[in-house]
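Please open the model in your viewer and keep the sequence panel visible. The tour below proceeds by selections, one stop at a time.

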Amino acid sequence: MVITDRFTGTAVLLTGAGSGIGRATAVRLVAEGAHVFAVDADEAGLAGTVDAVSGAGHIVAHVADVSDEAAVVAAVDAAVADLGALDVLVNVAGIHRTTPIERLTVDDLRTLFDVNVVGTALFCREALRHLPEDGVIVNTASSSASHGNPFMTAYSATKGAVLAFSLSLASEVIGRGVRVLVVSPGSTATPLTAAVRFEGLDPAYYARIVSPMGTGKPEQIASTIAFAASRDASYLTGVDLRVDGGSHI
Ligand code: NAP
């Protein structure tokens, strides 16, 4: 892995920082000099992330539920107060459910949309009050936003919504210089995927949707998020960077 110093002094608000892809992103961004305001619902997970960064740079943990509007407003205000600015927003927090369509409930749908879509949208709205002309937003969707997977109808719908929301937002704020990008992981080894159960599905199916390159590592998604947020991607906005090891070629 090549670590450079693309984020020296950059103020980053990162959600979902307490686990998996978010934790790897925190480690990566801090290693490159970012000052990270790390948000998650899981206090112990955040503490683990602060440990993983292990004194390499500035990271502040902030417990909040991304689907709670007042908590999002307070988190963005606290980030700006702590960091003195806000240059980059990275939305990683998300939840997953696998449910056969005949068992899909309104509660499942609302919970998934509240966290994955409403949470992402609220952080974008609030962060845009502070982002400078060269500010960046990176939202996390999924390869399932653009490719079908059985039992993932509701989850995939939320990720399709994150993608569509982000593309429209990119076009809305392009005039002020803010870039909005989407990173769409394929199957990545995190606590989220460890909990996924494909009940009733031929186990061979899952092997087929995992890339011949193997399951992704959180660090491989984090390095793409870091690229998207960096000046290396200064001419990229309104794009979906699918990081799935060629699972859907
Ligand atoms: P993860 O290990 O479960 O991490 C997600 C983090 O978000 C957890 O710490 C979780 O806390 C937190 N979170 C969940 N709901 C929250 C809420 N309402 N408010 C604040 N924090 C909340 O998952 P991951 O695999 O790293 O996934 C990160 C993102 O990548 C998600 O958006 C996911 O949909 C997306 N993604 C993942 C994969 C994959 O294969 N792993 C593939 C495509 C897309 P709790 O543990 O307390 O819930």
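**The ligand and its polar contacts**

Begin by selecting the ligand together with Ile21: a backbone N or O atom of Ile21 lies 2.8 Å from an oxygen atom of the ligand. Please bear in mind throughout that this is a predicted model. Next, add Asp65, where a polar side-chain atom is placed 2.9 Å from a nitrogen atom of the ligand. Then add Gly186, which has a polar backbone atom 3.3 Å from an oxygen atom of the ligand. With these contacts on screen, consider the surface of the ligand: taken alone, the ligand exposes 880 Å², and the protein buries 86% of that area.

**The shell around the ligand**

Now extend the selection to the 29 residues around the ligand; Ser19, Asp40, Tyr155, Thr188 and Thr190 come nearest. By class, this shell contains 13 nonpolar, twelve polar and four charged residues.

**The largest pocket**

Where does the ligand sit? The ligand occupies the largest pocket. Three elements give two or more residues to the shell around the ligand, namely α1 (20-31), α5 (153-173) and α6 (191-194). Colour α6 separately, as the largest share of the shell, three residues, comes from α6.

Next, display the pocket itself, which holds about 800 Å³ of space. The lining of the largest pocket consists of 41 residues; to find the centre, select Gly94, Ile95, Tyr155, Thr190 and Leu192, which lie nearest to it. Tyr155 and Thr190 are already familiar, being among the residues that come nearest to the ligand. At least two lining residues are supplied by each of α1, α5, α6 and α7 (203-209). Sorted by class, the lining of the largest pocket has 18 nonpolar, 19 polar and four charged residues.

**The cavity**

How many cavities of 30 Å³ or more does a search of the whole structure find? The search finds one, and about 30 Å³ of space lies in this largest cavity. To locate the cavity, select Arg97, Thr99, Leu104, Asp108, Leu112, Phe151, Met152, Thr153, Ala154 and Tyr155, which line it. Tyr155 therefore deserves a label of its own: this residue is part of the cavity lining and is also among those nearest the centre of the largest pocket.

Show α4 (106-127) and α5 as ribbons, since each supplies at least two residues of the cavity lining. Which helix gives the most to this lining? The answer is α5, with three residues. Six nonpolar, two polar and two charged residues make up the lining of the cavity.

**The second largest pocket**

For the last stop, move to Asp134, Val136, Ala229, Ser230 and Arg231, which lie nearest the centre of the second largest pocket among its 13 lining residues. The volume of this pocket is about 230 Å³. Colouring by class will show a lining of four nonpolar, four polar and five charged residues.

Notes. Residues are numbered from 1 along each chain as its sequence is written. This is a predicted model: local features need pLDDT of at least 70, side-chain atom pairs count only at pLDDT 80 or more; totals for chains, interfaces and linings use all residues. Side-chain values use heavy atoms; hydrogens and water are left out. A residue is near a molecule or strand if one of its heavy atoms lies within 4 Å of it. A polar contact is a pair of N or O atoms within 3.5 Å; within protein, one must be able to donate a hydrogen and the other to accept it, and residues adjacent in sequence count only if both atoms are side-chain atoms. Accessible areas come from the Shrake-Rupley method with a 1.4 Å probe; for residues, only the protein chains shown count as cover. On a 1 Å grid over the protein atoms alone, a cavity is a set of points where a 1.4 Å probe fits but cannot get out, and a pocket is an open set with protein on both sides within 12 Å along at least five of seven lines; lining residues have an atom within 4 Å of a point. A molecule sits in a cavity or pocket if more than half of its atoms lie within 2 Å of its grid points. Helices (H or I, at least four residues) and strands (E, at least two) are DSSP runs, numbered from the N terminus. Ala, Val, Leu, Ile, Met, Phe, Trp, Tyr, Cys and Pro count as nonpolar, Asp, Glu, Lys and Arg as charged, and the others, Gly among them, as polar. Grid points are joined across faces, edges and corners, and a volume is the space filled by probe spheres set on the points.
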